[in-house]
Amino acid sequence: MNNIYLDYAATTPLDPEVFLKMSPYFTEDFGNPSSIHSWGQMAEAALENARDSVADSLNCDAGEIVFTSGGSESDNLALRGTAFARREMTGANQILISPVEHPAVHETARQLQENFGFQLDMIPVDEFGRVIPAKLERMVDKKTAIVSVIYGNNEIGTINPVNELASICHLAGVPFHTDAVQAAAHLDLNMKNNSIDLMSIGAHKFYGPKGVGALFVGKGARLSPSQTGGKQESGMRAGTQNIPYIVGLSEALRITKRDLSINAGNMSRLRDKLINGVLDGVPDSILTGHPTERLPNHASFVFKHVSGNDLLMILDQRGFACSSGSACKVGEPKPSDVLVNLGLSPEWASGSLRVTLGRQTEEESIIEFLNILPEIVASLRR
Ligand SMILES: *Cc1c(COP(=O)(O)O)cnc(C)c1O
């Protein structure tokens with residue numbers, strides 16, 4: 001029996017075209033971009049070409065891109081760097097996030113609260129996990145150091161109205177960060193069209209290598225570096241740049257942007273077939289997240305009176321790799337905070353399933369999945 005991967009929100013396979021572009025920088029072109037000699041110059045040219053290419057893909061200036069070790073580090077740098085810099089400059093001491101953030105954002109915010117004396121407040125979301133702009137408007141003011149709201153939700157797929165949220169923050173003079181680690185794989189990110197100040201991306205969610213990311217830092221945004229040392233990345237992130245991975249990120253993002261509309265069209269058609277099939281075929285099932293404002297590859301559900309972990313294990317035995325949506329481990333059957341924050345009771349929230357599609361997903365697999373799921377859920381309820 002062949003295994004079918006339906007967990008592209010967790011990670012994606014490296015695009016072989018991207019791998020080809022990366023490979024010379026491991027061996028022949030190995031220089032340190034900070035060195036003066038020709039090896040160094042070659043590495044620096046590769047680095048700055050990659051930066052130009054990322055800037056092209058995001059429609060921003062190359063000087064606004066900081067390379068990092070991944071989505072988590074970008075989130076950390078954005079929150080910690082802005083919170084410290086703003087408090088130093090203006091005394092602003094409040095952090096506003098949504099209750100449906102990735103741990104890279106909410107755990108960072110929590111540490112800033114617990115160990116560094118910031119005040120942390122949550123912007124309310126609706127039943128679909130979308131931040132309500134009018135609520136943010138009432139909460140944000142001069143004492144706010146940073147606002148951070150996830151763009152496309154990893155657990156429930158919901159897309160937030162980030163351009164509107166960014167405008168509200170801009171009017172209040174407060175920096176706005178968005179975690180676009182999921183969104184970057186599927187949505188057209190055009191930084192000239194919005195007032196987003198900071199935006200995180202990570203390559204392995206869009207068919208690039210793991211362990212590399214970028215932070216868009218708009219002109220005027222002030223950051224205190226969270227990793228100190230050499231003056232790499234305009235002093236915002238010390239450490240010799242990982243040239244092969246940065247080249248990989250830039251190429252993966254270029255290909256993603258090039259094929260965006262074709263892939264989004266194909267995936268959303270399959271996703272809708274999947275969503276309708278599950279809701280029709282499985283009694284006591286609910287779609288989590290927004291019905292239409294959601295990532296094109298993302299389907300997420302809860303099933304009443306089912307253990308999500310058991311469901312994942314049986315699906316895996318039957319050849320389907322899916323997720324519960326959160327980093328909930330076997331033996332820790334606590335329902336996800338995100339689902340509880342949406343108002344789902346434990347009898348529903350413990351039975352979560354996330355199915356995320358990718359470029360390689362075929363319609364056959366979705367049909368097969370829909371054929372076996374209702375019977376598996378029924379057997380788990382017995
Ligand atoms: C995967 C993910 C991250 C973390 O990115 P890494 O590159 O794995 O560190 C952060 N935010 C969201 C929304 C993600 O999906």
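Where in the chain does Tyr 207 lie?

1. Tyr 207 sits in the loop between β7 and β8, where helices (H or I, at least four residues) and strands (E, at least two) are DSSP runs numbered from the N terminus. Its phi is near 70°, a positive value in a residue other than glycine. With a relative accessibility of 6%, Tyr 207 counts as buried, the classes being buried under 20% relative accessible area, exposed over 50% and partly exposed in between, with a 1.4 Å probe and protein chains only.

2. On provenance, this is a predicted model, in which local features need pLDDT of at least 70 and side-chain atom pairs count only at pLDDT 80 or more, while totals for chains, interfaces and linings use all residues. Residues are numbered from 1 along each chain as its sequence is written, and side-chain values use heavy atoms, with hydrogens and water left out.

3. Turning to the overall fold, the protein chain has 12 helices and 12 strands. Its radius of gyration is 21 Å, close to the 21 Å that the globule rule gives for 382 residues, so the chain is as compact as a globular protein of that length; the radius is taken over C-alpha atoms, and the rule is 2.2 Å times the number of residues to the power 0.38. Along the principal axes, the C-alpha atoms fill a box of roughly 65 × 50 × 35 Å.

4. As for burial and contacts, 56% of the 382 residues count as buried. Among contacts (heavy atoms within 4.5 Å) with a separation of 6 or more, 75% are between residues 24 or more positions apart.

5. The exposed surface of the protein chain is about 16200 Å², of which carbon and sulfur atoms supply 51%; these areas come from the Shrake-Rupley method with a 1.4 Å probe, and for residues only the protein chains shown count as cover. The chain carries 33 positive and 44 negative side chains, and the centres of the two sets lie 3 Å apart. In that count Lys and Arg are positive and Asp and Glu negative, with His and the chain ends not counted, and each charge is placed at NZ of Lys, CZ of Arg, CG of Asp or CD of Glu.

6. Helix α3 (residues 71-90) has 20 residues that should span 28 Å at 1.5 Å a residue, and its end C-alpha atoms are 28 Å apart, which agrees; the expected span is 1.5 Å times one less than the number of residues. Of its 20 residues, 14 are buried, so α3 is largely enclosed by the rest of the structure. Gly 91, with a positive phi near 85°, follows α3.

7. Helix α7 (residues 243-258) reaches 23 Å from its first C-alpha to its last, close to the 22 Å expected for its 16 residues. Because 12 of the 16 residues are buried, α7 is likewise largely enclosed by the rest of the structure; Ile 243, Pro 244 and Val 247 are among the buried ones. The buried residues of α7 pack against α1, α2, β2 (65-68), β7 (198-202), β8 (213-217) and α8 (260-281).

8. Those three residues of α7 reappear around Tyr 25, which, leaving aside neighbours within four places in sequence, is in contact with Phe 30, Ala 46, Ile 243, Pro 244 and Val 247. Tyr 25 is found in the loop between α1 (16-22) and α2 (38-58), and is partly exposed, with a relative accessible area of 22%. Its C-alpha lies 9.8 Å from that of Met 42, 17 residues apart in sequence.

9. Gln 41 belongs to helix α2 and is partly exposed at 49% relative accessibility. Apart from neighbours within four places in sequence, Gln 41 is in contact with Ser 35 and Ile 36.

10. Two further loop residues are worth reading together. Ile 159, in the loop between β5 (144-148) and α6 (162-172), is buried with a relative accessible area of 11%, and its contacts beyond four places in sequence include Arg 130, Leu 187 and Glu 293. Ser 195, in the loop between β6 (176-179) and β7, is buried at 17% and, on the same exclusion of residues up to four places away, touches Ala 166, Ser 167 and His 170.

11. A last backbone point concerns His 305, which has a positive phi of about 55° although it is not a glycine. His 305 is placed in the loop between β10 (298-303) and α9 (308-317).
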